[in-house]
Amino acid sequence: MSGMGTGRLLRRLLYPRWLRSGRVALGLLVVVAMLALALLAPALAPHDPAAQDLTLTLQPVRLGSAFPLGTDGLGRCVLSRLLHGARLALWVAVAAAFGAMLLGSALAYAGGYLGGRTDWLIGRTVDAWTLFPPVVLALILLVGLGAGSTHLVLAIILAEWPRVCRVLCCEVRKGMRRDHVAAARLLGFPHWRTLLLEVVPATVPRLLTLLALEMGSAVVMAAILGVIGLGVTPDQAAWGQMIADGRAVIHQAPANLLAPAAAIVITVAGFNLLGEGLRRTLEPRPVGGRQ
Amino acid sequence: MAGISRRVLLGVPLAAGLPADAARAWAGGDDGVTIGWPSDVPSWDPNRRFVPDAQPIFKMVYDQPLDQDPRLNLVPSLIARWQLAPDARSLELELRDDVVFHDGTPMRSADLRWTFFGRIAAGHRVDTAHAWRMVSDIETPSATRAIMRFNSPAPTAPAWLAFLGSFVVPRDYMRKVGLAAFGARPVGSGPYRLAEYQPRARIVLERNDSYWGPKPALRRVTVEIMRDTATRAAAVQSGQVDLTISVPVREVERLARMPALAAELNPIARVILLQVRDDGGFADRDIRLAAHHAIDKKALSQAFYGAAAVPLSLPAPPDPQAHPDDFTFASDPNLAIQLLARSGHSAANPARIRMATTKGQFPADYDIARAIVAMWRQVGIAAELEVIDYARYFELNRANRLPEATLYAFDNATGDPEAYGGYLLNPNLPFSPWKDVALGRKATGLFDMADAAERLAGWQALNREAVEIGACIPLLQSVQTLVRRKALAYRPYGNGWVLPQTMEWV
Amino acid sequence: MTLLAALARRLLVVPPILLMASLLLFISVRVLPADPAGMSLPPTASADAIAAARRQMGLDRPLAAQYAIWLGRLVAGDLGRSVHLRRPVTALLAAAVPATIELAGLAMALAAGLGLAGGLLLFALRGEAAEMLADAGTTLLMSVPDFLWALLFILVFGVLLEAMPFTGRLGPALLQPGGTGFLLLDSLLAGDIAAFRSAARHMVLPAAALGIAFAPPIMRVLHASLIDVYCADHIRQARLRGLSPTRVLLCHALPNTARPVLKLMAVQFGLLLGGALLVEEIFAYPGMGALLVDALRNADLPVIQAVALAYCAVVLGIRALVAGLRLALDPRLRAR
């Protein structure tokens, strides 16, 4: 992966080989489908996700009925909650991943580019931050911030950025060692120009891969926090919360647990496939062994 | 005192009449039992904190001066005889002389004095300091006689001797080792002694073979702390525990069909209600009354208790004494909408309040809270729900930071009406978030009334007034769910006590 | 440079990292809305008593001063008392930390075993059609979070088959042997085989849930590094010398993958501890995760910060261990 300008990168991004990877195509398909379901949830959902009917609790799965996936313990439509849960899950995934990416990459570029003490300080901050398991940090922050999707996103960003930063720091340092970057600095180009034109483009493939994988882990993180009962307000339709509720009625209406569990696995698999595929096509590795 | 109706004790039998599965070994072995319990003890100092769910565990290690029989009548325990003065300003007690603490020292009147007066005067931070605040002294003319003196009439003092936190602790041992060491190695006079304690995880107790009272049938009791209702249900189903309580009612119905298990729904002397504030979003009486009218209590009972929980109109169990038939509070969403309209609120422009609930403290608490929030949304009250721990209720109330409404199960093991309205509505006590003094003054006045009939009439009127001004939103009589191996017999109590010393394998 | 000197040089950065971690923790916990002074007293405490407690904890002073007080107490080893459980925090940690380390260690060993097997399988299948399938399998495996495995295992092995216990650490009618708090170790030291068996059986399901969830990344990295290693000259030469493929794999290639795999495992361990939090909660396993969740629900400040610090210490310890291992395995690293 030697020097790659923006123009060349663009060409490469649009080049069909990129999409011909089965993983990328499948991952993209899943993610786009999920996004569509999430965006269209208000139109697709047969009921208001919060509407309860205490006389119709724990209805079984009956496709074609008013409640295709049955109802939960409060008589709410499982399918509608699943669809509206997708809205929350994908919003958190996209917002938290981009947020973590912005924060993490900004610090990585700053550290890698400026080097010296700044780099050391950022590196040690990342070291200190990653001493806390991300879930632990997010939990502590959430209790302070209070429930709500914005707070959830914020907590996940603050817990996840060091992972992004750490990976990118390596990339940036590698990039900085290249000749034309050194030349650009010697020629006295403004810092932002060197960064934007010489350093950043080389890290874009890794950035895209990380973004997809981070979205997957944000979905899982939000689910974990939901199961514990923190992060979302009790009346919000969220997959983690549905799992927590579904556990208690697994024998009466298993769809309450299975549906959100499947939704999580499918969504995360979509993001993982996408990330994996991007990594393989954008950052080819040597294939050793049996040539 | 005999205020609990038969209905409470008979319960609703759900268990299918199949023979016990004798082929299987019990979790606790044939001279032991394992119990899945929802919460840990707050500490091993039994006077320290009032936590109803810890009461049965304390009753294994410690004894109360008086006990209650399954119908909640007061019966002798450490105290053989008691006599309340006609003016209710003193209480004469005669103690048993054959009681021995686990460390071998005999229980004397000095220990009783220490528990209810001495350690409070010594400044120990115990909740009993509040319950026994009216004790001016305890005289101990002999080792087996004591006279409690009160600085205001205390007609319910005998009932309190069998109530929350009233456990006799050994004075000399506690003084010798100090509070911290006492918490680590508790010594009581109860039928079991503590053998192992893993905080938040398990409590293992061994039978006290020199117990003064009836010997328990089971040698060892293991209490597994399982906070999650689904875990408790799964654990009793798979035989990891022999008995558990507070599982969801639908799980009770399912587990009742298992041949080896017996599952019960027992209405008990607890009331589920919304504790409300008189300020913030609930400053307007019409909004409070609308909040009450909007709740369909029958639907709640139907959906979460299989209709076994009696809907309540007053903050007391469905007992003719405390709950006269001529008063009912209507469930009427339309009336609620009209009341809200008077204050300028509608579904489009809702009244905004906050609400708190516990989760897993009693069956379906969190579900009930969410269902109420949804009912309110229909009429024009937008409530923001938060989950709090049972113990935090008191902390938040002290800081005057409880939200407008809190879902709460008030435990009244005594069955005395005072413990309902009097504590729920008295602003001077840690239970009530209602801070308006007018109602509180009436409640305090009733506390000091020595005449029983007059007091009862007073409490009835107070409860009714509280509901009419929206100072209290009673919901349902609490139902205890219990699942056990069919071969494990236990003695059910009207207040929901589940005591391992009454258990045996049959 | 000797091994010790290299290690010592690396340890130099530990104090500033710890200082930063403590600052981060202090800021995080002080965002909490609870009043730490009010929470340490019984319900009937007076306003004066609460005010006195606030002064004692320095809550009326500026944040910087509060941090200094707080840090000073931590350095002195004073973690305080749990305001909810009313016990010294050190006692709570002494019970919870070994439980979690034991569980996480077992889970990591399981993940490493599964990762080794899966990585070798993936490598053996390289270039074949089955590789695609196996690879897709690992992606799918990676997409199932640990807590879903936990729920599945409880349902299948706990409730349906009734084959395995799924709550707590020890069966009933067994007393916990005293000692280190590491139940497997303690029961062996005490010669209590029944307790050892019971403790091991209680750990099977939670450790398996965590192990399966954390194995796929190890498979991936092992697979990738084996492919890298096979491109290296000395492996080519070994293969050209006609050594058997198994021998090349086990004696020449595999040892060379230890470094990236160990590095990954060090990073994974932190994540695994995070995953263990909810898994412990699901299995009612009395470890750090369950303790923390409980404390968070009750806004029990001393416990929250102590458990968070304990997480830091465990992760730091694992990092140091792995760094030491890597230094020992690879002398080239010592020079850097």
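These are my notebook entries on what I looked up in this predicted model, taken chain by chain and contact by contact.

**Entry 1, chain A as a whole**

I began with chain A, for which I noted 12 helices and 0 strands, so I took the order of elements from the N terminus simply as α-α-α-α-α-α-α-α-α-α-α-α. Its C-alpha trace spans about 75 × 45 × 40 Å along the principal axes, and of its 291 residues 56% are buried. I also looked up how far along the sequence its contacts reach, and found that, among those with a separation of 6 or more, 72% are between residues 24 or more positions apart.

**Entry 2, α7 against α10 in chain A**

How do α7(A) and α10(A) cross, and at what angle? I found that the axes of α7 (residues 134-145) and α10 (residues 191-228) of chain A come within 11 Å and cross at roughly 55°. An angle between 35 and 65 degrees falls outside the parallel and perpendicular ranges, and the two helices are therefore oblique to each other. The crossing in which α7(A) passes α10(A) is right-handed. On the α7(A) side I listed A:Pro134, A:Val135, A:Ala138, A:Leu139 and A:Leu142, and on the α10(A) side A:Met221, A:Ile224 and A:Leu225. Sorted by class, this contact has 8 nonpolar residues, with no polar and no charged ones.

**Entry 3, chain A against chain C**

I then turned to the contact between chains A and C, which takes 40 residues from chain A and 44 residues from chain C. On the side of chain A that touches chain C, α6 (116-129), α7, α10 and α12 (255-282) each supply at least two residues. Which helix gives the largest share of that side? I found that α7(A) does, with 10 residues. By class, I recorded 28 nonpolar, 6 polar and 6 charged residues for this side of chain A.

**Entry 4, α12 of chain C**

From the chain C side I picked helix α12 (residues 288-297), in which 9 of the 10 residues are buried, so that the rest of the structure largely encloses it. The buried ones are C:Met288, C:Gly289, C:Ala290, C:Leu291, C:Leu292, C:Val293, C:Asp294, C:Ala295 and C:Leu296. What do these buried residues pack against? I found α7 and α10 of chain A, together with α5 (89-124), α11 (245-282) and α13 (301-329) of chain C. Just after α12(C), I noted that C:Ala299 takes a positive phi of about 50°.

**Entry 5, α6 against α9 in chain C**

Within chain C I looked up a further helix pair, α6 (residues 129-142) and α9 (residues 193-231), whose axes come within 8 Å and cross at roughly 145°. The crossing of α6(C) and α9(C) is left-handed. In this contact C:Thr138, C:Leu141 and C:Met142 of α6(C) meet C:Pro216, C:Pro217, C:Met219 and C:Arg220 of α9(C), and by class these residues divide into 5 nonpolar, 1 polar and 1 charged.

**Entry 6, chain B as a whole**

For chain B I recorded 16 helices and 19 strands, with 59% of its 506 residues buried. Of the contacts in chain B between residues at least 6 apart in sequence, 72% join residues at least 24 apart. The chain is divided into domain 1 (52-184) and domain 2 (267-479), and I noted that the centres of these domains, taken over C-alpha atoms, are separated by 32 Å.

**Entry 7, α7 of chain B**

Is helix α7 (residues 229-237) of chain B mostly covered or mostly open? I found it mostly covered, with 9 of its 9 residues buried. Among them are B:Thr229, B:Arg232 and B:Gln237, as well as B:Ala233, B:Ala234 and B:Ala235. The helix is followed by B:Gly239, whose phi is positive, near 80°.

**Entry 8, B:Pro363**

My last look-up was B:Pro363, which is found in the loop between β14 (351-357) and α12 (365-379) of chain B. Why does B:Pro363 count as buried? I found 27 other C-beta atoms within 10 Å of this residue, and 20 or more are needed for a residue to be buried. Leaving aside residues up to four places away in sequence, B:Pro363 touches B:Ser246, B:Val247, B:Pro248, B:Val249, B:Val479 and B:Thr481. I also noted that B:Pro363 and B:Pro317 are 46 residues apart in sequence and 17 Å apart in space, C-alpha to C-alpha.

Conventions
Residues numbered from 1 in each chain as written. Chains lettered and ligands numbered in written order. Predicted model: local features only at pLDDT ≥ 70, side-chain atom pairs only at ≥ 80, totals over all residues. Axes fitted to C-alpha atoms, helices over the stretch in contact; angles between N-to-C directions. Parallel < 35°, antiparallel > 145°, perpendicular 65-115°, else oblique. Left-handed = near helix turned anticlockwise from the far one by under 90°. Contact = placed C-beta atoms within 7 Å. Nonpolar A, V, L, I, M, F, W, Y, C, P; charged D, E, K, R; others polar. Buried ≥ 20, exposed ≤ 12 C-beta atoms within 10 Å, placed from the backbone. Domains from an automatic or database assignment.
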